[in-house]
Structure formats: structure tokens, C-alpha cells
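Have the sequence and the 3D view ready. This report goes from one loop residue to the whole chain, then to a pocket and a few chosen residues.

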Amino acid sequence: MLSMNNDLTQKYSKGTIAIHWVTAILIMTLFPLGKYMESISLTQKLDLVKIHAMLGIIVFLLTLIRSYLFFKSKRPADLKTGSKFNDKLAVWIHNAFYFLLIAISIAGIVTMFFGGYIDALKNNAPEMILQKENVVSLRAHGLLATMMMILLVFHVVGVLKHYVILKENTLRRMS
């Protein structure tokens, strides 16, 4: 069996580890919540929008902090898979997470302002929310979130590949 002998004793900083797992849980909450909100009436949607927006802002702030830590904290060397393509793909996916999370957050904030959500929340008037077809930033927000879920699948497949095929418990670096 192929073994890469990556140094799994190197760990990320405690702050990075905490942010990683909190963000992962929040993303796994936000995505289905956003999908659910697509199919309900505006009246039902208003309270959920508050929750979705608050959790999204937390993810945004955590991503900014984690981006700072990425450059300021010592981090383990990139994992090797035995394939230059897979090694580069893994780095690309990790970096894309940062960009996507920031872009999703910005699209969400823009949607809150230009989609009528802020006014609807202030006035408790769901009818002030614009039709989703008329809010370009909402479509962008949804598309970016879908891209994030696709990347998440690739990320999990990569972790499983290391665990099952390469016999490396790479989660040790993030725990």
C-alpha cells in the first residue's frame, strides 16, 4: 500500500483549529437553511433570514480572522499525496475556501441591503423583500454557496483518500 509519510505531528494553531471546526459547523447549518428558505413564503422567511444573516456574519468574521492567522501563524507543511496534480489541487481547494467564504459573505451583505431584507427586518414587513429574480447578488450568493459545497465534497474526499488509501489520519493536524 502507498504511504507518503507526511509529518502528522505538525498541527495548526489552536485558534485555526477552533475556527476551522466552528466554521465547518456553521457552513453545514447555513447551506441547508439557505436552500430551505428558497422554498418558503416571505412571511415564513423573515425570522430565518435573521438567523441566516447572523450566522453568515459570524462565518465572515471568522474567515477574516483565519485569513490573518494563515499568514501570521506557523502552519504545517502541505500534505503530499504522491501526485503533483493532487498536491496542487489540494492547495487550490484550501485557498479557494477562503476566497469563496469572503465572496459569499459579501454577496450576502449586498443582498441584505439591495434585496430589501434590511428594511423588511426593521419594519417587520416581509413584503419589502424583493423577488429573488430581481436580486442579482442573491443569485451570486446561491451560486457561490453551491460552489462551496462542491469544494467541501472534494475536501472530504481528499481527507478520506489520505485515511483509507494512504493510511494517514490527517485529521490529527486539525484536532
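## A loop residue to start

N124 sits in the loop that links α4 (117–123) and α5 (136–165). This is a predicted model. N124 is not a glycine, yet its phi is positive, at about 50°. Is N124 buried or exposed? N124 has a relative accessible area of 60%. The cut-off for exposed is over 50%, so N124 counts as exposed.

## The whole chain

Now step back. The protein chain has five helices and zero strands. Its pattern along the sequence reads α-α-α-α-α. The C-alpha trace spans about 60 × 30 × 20 Å along its principal axes.

How much of the chain is buried? Of the 175 residues in the protein chain, 37% are buried. The protein chain exposes about 10900 Å². Carbon and sulfur atoms supply 70% of that area.

Contacts tell us about the fold. Take the contacts between residues at least 6 apart in sequence. Of these, 79% join residues at least 24 apart.

Charge comes next. The protein chain carries 19 positive and 9 negative side chains. The centres of the two sets lie 10 Å apart.

## The largest pocket

Here is a general idea first. A probe the size of a water molecule, rolled over the atoms, shows where empty space is left.

The largest pocket holds about 1200 Å³ of space. It is lined by 46 residues, and the closest to its centre are A90, H94, F97, H155 and V159. Which helices supply the lining? At least two residues each come from α1 (14–38), α2 (42–72), α3 and α5.

## Two neighbours in α1

I19 is placed in helix α1. H20 is placed in helix α1 as well. Take I19 first. Its relative accessible area is 10%. The cut-off for buried is under 20%, so I19 counts as buried. What does I19 touch, leaving aside its neighbours within four places in sequence? I19 is in contact with L62, I65, R66 and L69. The C-alpha atoms of I19 and T63 are 7.9 Å apart in space, although 44 residues separate the two in sequence.

H20 has 15% relative accessibility. That value is under 20%, so H20 is buried. Set aside its neighbours within four places in sequence, and H20 is in contact with R66, H155 and M174. R66 is thus a contact of I19 and also a contact of H20. H155, another contact of H20, is one of the residues closest to the centre of the largest pocket.

## α3 and α5

Helix α3 covers residues 84–114, and I106 is found there. A103 lies in helix α3 too. I106 has 45% relative accessibility and counts as partly exposed. A103 has 30% and counts as partly exposed.

L151 has its place in helix α5. Is L151 buried or exposed? Its relative accessibility is 7%, so L151 counts as buried. What does L151 touch, not counting residues up to four places away in sequence? L151 touches W92, I93, A96, F97 and L100. One of these, F97, is also among the residues closest to the centre of the largest pocket.

## Sequence and space compared

How do places along the chain relate to places in space? The table sets four pairs side by side, with C-alpha to C-alpha distances.

| Pair | Apart in sequence | Apart in space |
|---|---|---|
| I19 and T63 | 44 residues | 7.9 Å |
| A103 and A145 | 42 residues | 9.4 Å |
| I106 and T29 | 77 residues | 18 Å |
| L151 and K45 | 106 residues | 27 Å |

Find each pair in the 3D view. Start with A103 and A145, whose C-alpha atoms are separated by 9.4 Å. Then go to L151 and K45, where the separation is 27 Å.

Technical notes. Residues numbered from 1 in each chain as written. Predicted model: local features only at pLDDT ≥ 70, side-chain atom pairs only at ≥ 80, totals over all residues. Heavy atoms only, no water. Helix = DSSP H or I, 4+ residues; strand = E, 2+ residues; numbered from the N terminus. Buried < 20%, exposed > 50% of the residue type's maximum accessible area, 1.4 Å probe, protein only. Contact = heavy atoms within 4.5 Å. Areas by Shrake-Rupley, 256 points an atom, 1.4 Å probe, with all protein chains shown as cover. Lys, Arg positive; Asp, Glu negative; His and termini not counted. Charge placed at Lys NZ, Arg CZ, Asp CG, Glu CD. 1 Å grid on protein atoms, 1.4 Å probe; cavity = no way out; pocket = protein on both sides within 12 Å on 5 of 7 lines; lining within 4 Å. Points joined across faces, edges and corners; volume = space filled by probe spheres on them.
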